[in-house]
Amino acid sequence: MSRLVVVSNRVGPVKDAARAGGLAVALVEALKSRGGLWYGWSGKVDEHVQDQAKIENVGSLSLATVDLSAEEHEEYYNGFANRCLWPLFHYRIDLTAFDRRYYEGYRRVNAKFARVLHPLLKPDDTIWVHDYHFLAFGNELRHMGAEQSIGFFLHIPFPAREVLAALPHHDAMVRGLFAYDVLGFQTEQDCERFRDYVVREAHGRAEGDRLHCFGRTVTVRAFPIGIDAEGFARMAETDKDARKQYEKATKSLNGRTQIVGVDRLDYTKGIAERFHAYERLLQDYPETRREVSYLQIAATSRGDVQEYREMREELDGLSGHINGAYGEFDWTPLRYLNRPMARRSLSGLYRASKIGFVTPLRDGMNLVAKEYVAAQDPEDPGVLVLSRFAGASYQMPEAIIVNPYDIKGVADALQIARYMSLQERRERFEALMAGLRREDVANWRDEFLSALAAVARPGNPVEG
Ligand code: GDG
């Protein structure tokens, strides 16, 4: 079997993959079983960067990383990836920074990553590239003569044609994607939007799951990412830290219903709308006061991007308002924490919460929704309230599906969740859990790699 090379913005962790989560576990397992190389940014910003990878061997796999200069980090990572592609692909044109300097930096850094990796490649390697940081990477490699199979998986949504068209370089971006052999998206809907762009904007031709355009053919398929459902369920039930967290939470709740939200602090996650919906629940159903307790964990991310700082201020204000207006000396309606919680404890916290509150405005998949379900006690499971705009909603129709913009609708859904009978909760849980087991993270990885193995064809760069 050929060696696997995984390319992603951040590399690892390898030794403690289980603590980081299912994605790291699945990738490490695949890399170990075939002998592999994991390649990406070191996380370091240094003024004296060299175009050279630092290589570290961990058992049968190697980690190769490169540093970025302050300018590269600003233009490629903070700039084009996080201030342009991230908001645009999540339909936030209003927050998108269309700065040409960012685009140039992104192209330069994608070319640098390709230049550094190219001499490390073997002719029969299989290369799997991840996410929006590397849209242009495959074509850069092809220009250097790489003929290996290269697959790409997009973790975030692919936007509608007219939204993508707002990007000044949308045509070059999409053209570059045709250097890959397989393009994987989270959902069928993402595939459809990609196809729609290629057919209508670039006059390509669709034929089953293949797309012909720019003199190249790519396989386009949905590979909904999963979690290690069995492992997560086991952790929530038996792990020492999970049990401790479960007991601590249950005791402090004193019979109240806990609603839990866990997100990276990001404007796509709809946390402000969620706070409004919770306030609406307290307003419209006064009997819920003192009976519910909402815990929102939102660890800060991308703190050096302006839009994230502004969102933090808004959420601080809203949580203060809710607690000020509804709180009582012995009841805090909303606990809002900006610190991350250890993964094991998190699983216990999910299990102690009767309602999982997952209402992103847009999300490629959303793994929190899956983790919440996997962590439940099968005898007395909680209820998932899930946004229709999370990729996960297509696989999890047994959740209470809501429109996160409809504040009243979401408040009502919380109330329905509170009163759901044990029998209905069990039925929904069993259906959801069966799906999580069937489409877990190992299945995601294997499906993607088989699709890539099925397209054994030397690749050429896309010209133009
Ligand atoms: C991107 C896409 C897609 C969160 N807070 C803590 C913590 N987490 C963990 C969760 C979960 C992960 O982070 C978040 O994953 P999501 O899928 O919910 O969201 P993104 O980070 O935006 O991920 C997304 C995903 O890629 C995979 O393809 O599903 O759509 O946007 O695992 O548990 N973990 C710990 N402490 C925290 O406080 N330990």
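In this predicted model, the largest nonpolar core comprises 98 residues. Those with the most contacts inside this core are Phe113, Phe137, Phe194 and Tyr278. The element that gives the most to the core is helix 3 (residues 70–89), which supplies 9 residues. The core is not confined to one domain: at least three residues come from each of domain 1 (4–226 + 442–454) and domain 2 (229–438). When neighbours within four places in sequence are left aside, Phe113 is in contact with Tyr39, Gly40, Trp41, Val66, Leu68, Tyr76, Phe134 and Phe137. Phe137 thus appears both among the contacts of Phe113 and among the residues with the most contacts inside the core. Another core, of 60 residues, lies apart from the one described above; Val262, Met365, Val368 and Met433 are among its members.

Side chains of opposite charge can pair when their charged atoms come close. The structure holds 34 salt bridges, of which several are described here.

A salt bridge within a single helix is formed by Arg193 and Asp190, with a distance of 2.7 Å between the closest N and O atoms. Because the two residues are 3 positions apart in helix 8 (residues 188–201), about one helical turn separates Arg193 from Asp190. Arg193 and Asp190 are both buried.

In a second pair, Arg344 bridges to Asp239, and the closest N and O atoms are 2.6 Å apart. Arg344 belongs to helix 13 (residues 343–351), whereas Asp239 sits in the loop between helix 9 (229–238) and helix 10 (240–253), so the salt bridge ties together parts that are 105 residues apart in sequence. The two partners fall in separate accessibility classes: Arg344 has a relative accessible area of 31% and is therefore partly exposed, while Asp239, at 14%, lies under the 20% limit and is therefore buried.

Arg426 and Glu379 form a further salt bridge, with an N to O distance of 3.5 Å. This pair also links distant parts of the chain, 47 residues apart: Arg426 lies in helix 16 (residues 422–438), and Glu379 lies in the loop between helix 14 (367–374) and strand 15 (383–387). Arg426 is partly exposed, with a relative accessible area of 30%. For Glu379 the relative accessible area is 53%, over the 50% limit, so this residue is classed as exposed. Besides these pairs, Glu75, Asp99, Arg101 and Arg108 are joined into one network by salt bridges that share partners.

Technical notes. Residues are numbered from 1 along each chain as its sequence is written. This is a predicted model: local features need pLDDT of at least 70, side-chain atom pairs count only at pLDDT 80 or more; totals for chains, interfaces and linings use all residues. Side-chain values use heavy atoms; hydrogens and water are left out. A salt bridge is a side-chain nitrogen of Lys or Arg within 4 Å of a carboxyl oxygen of Asp or Glu. Helices (H or I, at least four residues) and strands (E, at least two) are DSSP runs, numbered from the N terminus. Buried means under 20% relative accessible area, exposed over 50%, partly exposed in between (1.4 Å probe, protein chains only). A nonpolar core is a set of buried Ala, Val, Leu, Ile, Met, Phe, Trp, Tyr and Cys residues joined through side-chain atoms within 4.5 Å. Domain bounds come from an automatic or database domain assignment. Contact means heavy atoms within 4.5 Å.
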